[in-house]
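Here is a short note for a colleague who is opening this entry for the first time. Please keep the 3D view at hand while reading.

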Amino acid sequence: MTYQYWNQKMETLPRPELEAFQLAQLKTAVSQALRTPFYKERLGKAGIVNADAIKSLADIRKIPFTTKHDLRDGFPYGFLSIPRDEVVRLHASSGTTGTPTTIYFNREDLSRWTSFVARSIYATGCNKADVFQNMITYGLFTGGLGFHAGGEEVGMLVIPSGSGNTTRQFKLMQDFGTTVVHATPSFLLHVESKMREEGISRDSIKLRKAFAGAEPYSEDTRRRIEELLKIDVYNSYGLSEMNGPGVAFECQAKNGLHLWEDGYIAEIVDPDTLEPLPDGETGELVLTCLCREATPMLRYRTRDLSSFYTEPCVCGRTHRRLHRITGRTDDMLIINGVNLFPSQIEEVIMSMSEAGNNYLIVVEKEGVLDRLTVKTEVGEDIFMDDSRQRQVRTSSPVSPSGRGSRVSGSTISAM
Ligand code: DLL
């Protein structure tokens, strides 16, 4: 197989040069971070007052970790390192308590992010001859606009179809000869079952590839989608705190996700001790963003569990590969691609006066899609409220077909 590179020099840079590049970028990122109220204080406490504290890549360990909590506490502008009028876009994802975590971009940040997504798309063998249907949510979520821009950068014809509405998705595929789609793996499975249901023949569409990510899935699921839809599926990993998609992506070898190390420094740490683990061992992925000025992000604890491959890839790229994400170190759920913390559900329940203290979150598969049901205990108040809606009749008889019920000798019927 011949492998194509979007930026051959950077993608195949010998490790010593790649690491020298990372060190220079890390120093820049630290200087930039010191311009934000959050890092000025956090780094200051760790004795880092300028980039001179970073003399080697190993010095990254002097930098304290950043968490989603920190981002939430710094909302809205605590992590902004440039004047507000230089910001051209923001993306946000929901936090644990409803306060969103927000990432700002200046024009150059967007262009750097776009080039990482374009590189990822190109690594799967796509080119300007492809018709790309972006079947994922646009808006504050980074998957829509991130892939949209990357697809355009590659020169593909981009159809901004967004997620959902499967019947319309088929129509677009047939009308415009879509060759590549981007979706969550669960939506791809849903598309396949709808295709069968609606009697759409495989021959009526030209699909040959899909980028699937934004939620965890197994190798078996990948194979199932590939066999059912007769396409190649490439795993795509990213997170809003690191711009969005385009952090790590599979190449045509489909054997692990190349983490773009000229844009991100990756560490795998023991989630309990936070000590670094050697390549090959599974732990929490910690990422430092080297490609964004407006919102610096140093040693961000992703909570995602993964490990690095130890041997190089056959494609010739020098950037290390991650194994697919095997789990998380927190309780975040991803329901049909949407991130959700149990604490967010709890917040809603607790704001309802009718709700009791205990609740149960049930996540099931309904066909191929996720279905979330929340069962909650009802509080004492509900009976009080309910009884206010009811008419207490002490004399009239209860008809057998009526909706009344006998409570403590009184007949209560719903009004
Ligand atoms: O999901 C960005 C993205 C968009 C990635 C489109 C890929 C495609 P967030 O909403 O911030 O950003 O969610 C990030 O989703 O920490 C993982 O837990 C999970 N995740 C993302 N990609 C994968 C994947 C986008 N390929 C969180 N496998 C991350 C497993 C994934 N989990």
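The points below go from the whole chain to the ligand site, and then to two residues.

1. **Status of the model.** Please read everything here as a description of a predicted model. The values are computed from its atoms.

2. **The chain as a whole.** The protein chain holds 11 helices and 21 strands. Its C-alpha atoms fill a box of roughly 90 × 60 × 45 Å along the principal axes. Of the 415 residues in the protein chain, 49% are buried.

3. **Where the ligand sits.** Start with the largest pocket: the ligand takes up that space. The ligand is surrounded by 21 residues. Closest to the ligand are Asn235, Ser236, Ser240, Asp304 and Asn339.

4. **Make-up of the shell.** Nonpolar and polar residues are represented by 9 each in the shell around the ligand, and charged residues by 3. Which element gives the most to the shell? That is strand E7, with 5 residues. E7 spans residues 232-239. Helix H6 (142-154) also supplies at least two residues of the shell.

5. **Polar contacts of the ligand.** Three residues deserve a look here. At Asn235, an N or O atom of the side chain is 2.9 Å from a nitrogen atom of the ligand. At Ser236, the partner is a backbone N or O atom, and it lies 2.7 Å from a ligand nitrogen. At Ala214, a polar backbone atom is 3.1 Å from a nitrogen atom of the ligand. How much of the ligand does the protein bury? Taken alone, the ligand exposes 610 Å², and the protein buries 97% of that.

6. **Asp304.** This residue is one of the closest to the ligand. Asp304 belongs to strand E12, residues 300-306. Is Asp304 buried or exposed? Its relative accessibility is 9%, so Asp304 counts as buried, the cut-off being under 20%. The side chain of Asp304 also makes a polar contact with the side chain of Tyr237, at 2.7 Å.

7. **Gln169.** Now turn to helix H7 (residues 166-176), where Gln169 has its place. Gln169 counts as buried because its relative accessibility is 0%. What does the side chain of Gln169 reach? Its partner is the backbone oxygen of Gly162, at 2.7 Å.

8. **What to check in the viewer.** Begin at the ligand in the largest pocket. Follow E7, which gives 5 residues to the shell. Then find the side-chain pair of Asp304 and Tyr237. Finish at Gln169 in H7.

Technical notes
Residues are numbered from 1 along each chain as its sequence is written. This is a predicted model: local features need pLDDT of at least 70, side-chain atom pairs count only at pLDDT 80 or more; totals for chains, interfaces and linings use all residues. Side-chain values use heavy atoms; hydrogens and water are left out. A residue is near a molecule or strand if one of its heavy atoms lies within 4 Å of it. A polar contact is a pair of N or O atoms within 3.5 Å; within protein, one must be able to donate a hydrogen and the other to accept it, and residues adjacent in sequence count only if both atoms are side-chain atoms. Accessible areas come from the Shrake-Rupley method with a 1.4 Å probe; for residues, only the protein chains shown count as cover. On a 1 Å grid over the protein atoms alone, a cavity is a set of points where a 1.4 Å probe fits but cannot get out, and a pocket is an open set with protein on both sides within 12 Å along at least five of seven lines; lining residues have an atom within 4 Å of a point. A molecule sits in a cavity or pocket if more than half of its atoms lie within 2 Å of its grid points. Helices (H or I, at least four residues) and strands (E, at least two) are DSSP runs, numbered from the N terminus. Ala, Val, Leu, Ile, Met, Phe, Trp, Tyr, Cys and Pro count as nonpolar, Asp, Glu, Lys and Arg as charged, and the others, Gly among them, as polar. Buried means under 20% relative accessible area, exposed over 50%, partly exposed in between (1.4 Å probe, protein chains only).
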